[in-house]
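Subject: Structure handover and notes

Dear colleague,

I am passing on the structure below, together with some notes on what was found in it. Please read the notes with the structure open beside them.

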Amino acid sequence: MQDILRQALKLALLSTLVAGSAFASPQSQDPPSQEPAKTPPAQPQTQQQTGSQPVQQKDTVTPKNSKEDVEAIGNRNVGKGMNLYSLEREISLGKSLAQEVERSSKLIDDPVVTEYVNRVGQNLVRNSDARVPFTIKVIDSDEINAFALPGGFFYVNSGLILHAMEESELAGVMAHEISHVTARHGTKNATKGELMQLATIPLILLGPGGWAGYGIYQGLNLAIPVTYLKFSRDAEREADFLGLQYMYKAGYDPNSYVTFFERIQADEKRRPGSIPKVFSTHPPTPERIENTQKEIARILPARQEYIVTTSEFDSVKSRLRNIMFTRKVGDNAPGKPTLRTKTEQSKKQPTGNDPNSTDDDRPTLKRRPDSQP
């Protein structure tokens, strides 16, 4: 019976993560191999997209605990809490969910694009509290989104890469998703769902419906875990908090995390509906943006320079744009079969009252030769 519940939970987790909405052992920080464009943290050109000023950071900070200490990253247990999933089971769950994702999605297989995105992501993972290895792939999708499954199976939409203006913006979103995995938000929520299911079953079996009641429950139990698999505000706030530290530790300007989501919100206000509904709940609210700015000033010591973007990011973005354009041209090729709705077909057919019609598709009545007198 528990196997049935776990299977239902796995399907619900997959539908929630794919519709919505990111482990190697921690190592020492490795700088990117490309030549980065760098800028002091206090210069306003890093925020040209929104016009906001970079957050002023202190030269030295005094962390209240290890969770605030960026120098302790990799030696902290940020995923503690009630969790019925071991790391091995979490990886197994994530692998099976990843197989479902890849059966229903088209992946970008260009080696230059995939290698670059994987390298950026793995650099963030090395500078995180990750306890499982990460597998990072790019999905061929125009939607501005990214999501990470339990166990470190991480997917970045091509639309997100094309929408980012700088490498640090892409790194900020990726760091946020990596944080959901390091904090084990997915399996913690799944644990809540399993506990609720297991607590409900005895009541159903002992009730007046008996096994019939259990059958009804089986038809409805998918609605229970879905509620718990949507990340709470506290989980999103923690992912913001950890993501800022990870991108800072990797050398990126943490202000880029704020400017990216500010631009997303501005785009949605200017063109309502331009941002997918799934992603519209993902960017920080004004309150979360304000909290993020406070955390940058409070726990991240100032640096002389940050990685903002690289020439490789621009070349990969251009290459990806050409790939997407070629794909769209191929999809609209003249000889490619297309589907038409019944309404479209009826508009092209002449009415039955038109005697001059020569449409060969129209049914006609003919008298059989042998039926003549």
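Arg 184, just after helix 5, takes a positive phi of about 60°, where helices (H or I, at least four residues) and strands (E, at least two) are DSSP runs numbered from the N terminus. This is a predicted model, in which local features need pLDDT of at least 70 and side-chain atom pairs count only at pLDDT 80 or more, while totals for chains, interfaces and linings use all residues. Residues are numbered from 1 along each chain as its sequence is written, and side-chain values use heavy atoms, with hydrogens and water left out.

Helix 5 itself covers residues 167–182, and its 16 residues should span 22 Å at 1.5 Å a residue, which agrees with the 22 Å between its end C-alpha atoms; the expected span is 1.5 Å times one less than the number of residues. Of the 16 residues of helix 5, 16 are buried, so the helix is largely enclosed by the rest of the structure. Here buried means under 20% relative accessible area, exposed means over 50%, and partly exposed is in between (1.4 Å probe, protein chains only).

Turning to the charged side chains, the count comes to 18 salt bridges, a salt bridge being a side-chain nitrogen of Lys or Arg within 4 Å of a carboxyl oxygen of Asp or Glu.

One of them joins the side chains of Glu 71 and Lys 249, with 3.8 Å from N to O. Because Glu 71 lies in the loop between strand 1 (36–39) and helix 2 (87–104), and Lys 249 in helix 9 (residues 233–249), this pair ties together parts that are 178 residues apart in sequence. Glu 71 is exposed, at a relative accessible area of 57%, whereas Lys 249 is buried, at 17%.

Another salt bridge is formed by Arg 119 and Glu 312, at 2.6 Å from N to O. It links distant parts of the chain, with Arg 119 in helix 3 (residues 111–126) and Glu 312 in helix 13 (residues 311–331), 193 residues apart. Arg 119 counts as partly exposed, at 24% relative accessibility.

Helix 13 appears again in the salt bridge between Arg 327 and Asp 140, where N and O are 2.8 Å apart. Arg 327 is in helix 13 and Asp 140 in the loop between strand 2 (135–139) and strand 3 (146–149), 187 residues apart. Arg 327 is partly exposed at 21% relative accessibility, while Asp 140 is buried at 14%. Both belong to a network of salt bridges that links Lys 106, Asp 140, Asp 142, Arg 327 and Lys 328.

With best wishes
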